[in-house]
Amino acid sequence: MPSQSASLPVVKISRRGAKRLQEGHVWVYRSDIISTNGVAQGTAVGVIDERGKFLGTALYSSASQIAVRMISSRAVKDLYGLLRERIRAAINYREKVVRDTDAYRVVFSEADFLPGLIVDRYRDLVSLQILTQAVDAEPVRQVIVSELSQHLKPAAIVERVDPRVRELEKLPARTSGLIQGEVEGNQKTSTVFTMNGIRFAFEAMEGQKTGAFLDQRENYAAAARYAHGEALDVFCYQGGFALHLAQACSAVTGVDSSRPALEVADRNAAINGRKIEWVEANAFDLLRDYADAGRRYDTIVLDPPAFAKSKSSLETALRGYKELNLRALKMLRPGGILVTCCCSYHVSPLQYLDVVRVSAQDVHRNLRIVENRGQAKDHPILINVPETEYLKCLIACLTS
Ligand code: SAH
């Protein structure tokens with residue numbers, strides 16, 4: 001129906017690209033683009049197949065390998081209206097699925113049909129990340145900011161810039177900063193949020209991601225249900241798991257290689273009136289040393305950074321995950337709880353389960369899987385977009 005897309009510039013894609021869209025995915029790679037007719041970067045485009053059949057509306061990037069990100073199977077006449085509607089729908093969804101927290105992800109890019117936009121809420125602060133040319137366009141930014149302020153009424157909105165993303169999208173450099181909410185010259189960029197009854201200090205301009213690992217929120221609570229005795233939280237960052245474990249355990253040690261992260265972790269422990277030991281160390285070295293020294297624990301959490309950033313690093317990544325699990329299992333007392341996580345999208349849930357299984361076999365231990373978990377519900381998974389599912393979190397009990 002070319003008439004439907006008459007007002008939009010048109011991008012023609014290959015049969016392979018069209019098949020992918022028919023299967024429900026929302027991306028078309030550059031290698032599947034046949035013609036763009038010189039469409040400007042970051043604009044909304046109509047997508048057609050080789051025979052001219054209209055497939056839907058997308059946002060176009062002139063730089064990314066993901067050239068086309070679909071936003072609708074229809075011809076979109078009012079892009080800003082659609083964006084407003086999508087943001088409202090994302091907020092409404094969270095109202096249904098998010099409990100016991102004032103910090104959560106409000107918009108998760110493709111999974112909320114808003115490709116290129118991430119929005120996190122930390123109590124009265126909103127932190128956003130813009131990942132594509134289309135979302136970076138000034139009028140689109142204005143729509144996003146006005147919709148978020150209207151519905152979430154935050155004290156401030158902060159933008160976190162990932163310079164690498166901007167470089168890849170060929171966008172001009174930009175610095176992180178407040179984009180709304182300056183009060184009489186005072187920049188409000190810090191707050192304290194509460195998750196599962198535990199309080200966390202939040203500084204919008206510091207830290208990794210947009211500040212905290214909100215995707216683990218439900219796993220923190222689950223881990224605390226089984227945790228007991230002496231606990232070790234490896235890759236603890238600002239203490240997300242450690243603080244939850246402290247509710248149930250007699251002693252908790254958190255390990256991370258980042259001193260700034262541990263300083264926040266220590267502040268978080270103080271806010272909650274908990275005593276936790278923080279150790280600044282390389283986790284691999286520390287696990288080896290502690291295992292050699294015969295240390296034992298009743299609960300161990302492993303939550304490393306993504307080792308497999310691409311498909312090509314998968315083998316090395318799997319070895320890394322295995323080594324961690326092996327060492328942790330050696331130190332676990334019978335009846336002990338292992339909470340083992342993997343946030344690499346390139347490692348599938350089955351592959352990770354296998355890593356844990358083989359690790360247990362290698363050290364002649366048996367495990368019962370108590371819970372097989374993933375990311376929190378505010379990080380939705382779209383069944384046809386496998387890239388939206390990335391976090392694995394197994395909770396297992398050592399039976400022998
Ligand atoms: N469990 C945390 C998130 C962990 S993110 C939470 O729930 O908030 C991964 C962490 O691993 C980061 O804090 C990073 O500083 C740390 N890290 C990365 N490599 C490390 C290493 N080799 N040894 C110890 N910590 C490491």
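Student: In β12, which side chains point to one face and are buried?
Tutor: This is a predicted model. In a regular strand the side chains alternate between the two faces of the sheet. Strand β12 shows this alternation, with S190, V192 and T194 pointing to one face and not buried. The buried side chains, on the other face, are those of T191, F193 and M195.

Student: How many bridges join β12 to β13, and what is the bridge partner of T194?
Tutor: The two strands run antiparallel. Six bridges join β12 to β13. In β13, T194 has as its bridge partner R199.

Student: Which residue takes a positive phi in the hairpin of β12 and β13?
Tutor: Two residues lie between the strands of this hairpin. A positive phi near 50° occurs there, and the residue that takes it is N196.

Student: F193 is among the residues with the most contacts inside the largest nonpolar core; which element gives the most to that core?
Tutor: The core has 39 residues, and L245, V252, I276, W278 and V339 are also among those with the most contacts inside it. At least two residues each come from β10 (156-159), β12 (190-195), β13 (198-203), α6 (217-226), α7, α8 (259-271), β18 and β20. With four residues, the element that gives the most to this core is α7.

Student: How many residues are in the other core?
Tutor: This other core lies apart from the largest one. Its members include V234, Y321, M331 and L367. Its residue count is 36.

Student: Is W278 buried or exposed?
Tutor: W278 is found in strand β16 (residues 277-280). Leaving aside neighbours within four places in sequence, W278 is in contact with C236, G239, A242, G254, L262, A265, D266 and A269. Buried means under 20% relative accessible area. The relative accessibility of W278 is 17%, so W278 counts as buried.

Student: What distance separates the C-alpha atoms of W278 and G56?
Tutor: Along the chain, W278 and G56 are 222 residues apart. In space, their C-alpha atoms are separated by 52 Å.

Student: Which are the edge strands of the five-strand open sheet?
Tutor: The order of the strands is β7-β8-β9-β10-β11, with mixed pairing. Neighbouring strands are turned by 25° against each other on average, direction ignored. An edge strand pairs on one side only, and here the edge strands are β7 and β11 (177-180).

Student: In which sense do β7 and β8 pair, and which residue is the bridge partner of Y104?
Tutor: Strands of a sheet pair through backbone hydrogen bonds, either parallel or antiparallel. For β7 and β8 the sense is antiparallel, over five bridges. In β8, the bridge partner of Y104 is R121.

Student: Which helix lies across β7, β8, β9, β10 and β11?
Tutor: The helix spans residues 138-152. It runs at about 155° to β9 (125-130). The helix is α4.

Student: Is Y237 buried or exposed?
Tutor: Y237 is found in the loop between β14 (230-234) and α7 (240-245). Y237 is not a glycine, yet has a positive phi of about 50°. Its relative accessibility is 10%, so Y237 counts as buried.

Student: What is the relative accessibility of F113?
Tutor: F113 is found in the loop between β7 (103-108) and β8 (117-122). Its phi is positive, near 60°, in a residue other than glycine. F113 counts as partly exposed, and its relative accessibility is 43%.

Student: Why are Y352, V355, V356, S359 and A360 on the same side of α11?
Tutor: Helix α11 (residues 349-362) has 14 residues and reaches 20 Å from its first C-alpha to its last, close to the 20 Å expected. In α11, Y352, V355, V356, S359 and A360 are buried. They are on the same side because they cover an arc around the axis of only 130°.

Student: What do the buried residues of α11 pack against, and which residue just after α11 takes a positive phi?
Tutor: The packing partners are α10 (314-331), β18 (332-342), β19 (367-373) and β20 (392-398). Just after α11, a positive phi of about 55° is taken by H364.

Student: What is the relative accessible area of R327?
Tutor: R327 lies in helix α10. Not counting residues up to four places away in sequence, R327 touches F284, L287 and R288. R327 is buried, and its relative accessible area is 19%.

Notes
Residues are numbered from 1 along each chain as its sequence is written. This is a predicted model: local features need pLDDT of at least 70, side-chain atom pairs count only at pLDDT 80 or more; totals for chains, interfaces and linings use all residues. Side-chain values use heavy atoms; hydrogens and water are left out. The expected span of a helix is 1.5 Å times one less than its number of residues. Buried means under 20% relative accessible area, exposed over 50%, partly exposed in between (1.4 Å probe, protein chains only). The arc is that of the directions from the helix axis to the C-beta atoms. Contact means heavy atoms within 4.5 Å. A nonpolar core is a set of buried Ala, Val, Leu, Ile, Met, Phe, Trp, Tyr and Cys residues joined through side-chain atoms within 4.5 Å. Two strands pair if DSSP finds at least two bridges between them. Axes are lines fitted to C-alpha atoms, for helices over the stretch in contact, and angles run from 0 to 180 degrees between N-to-C directions.
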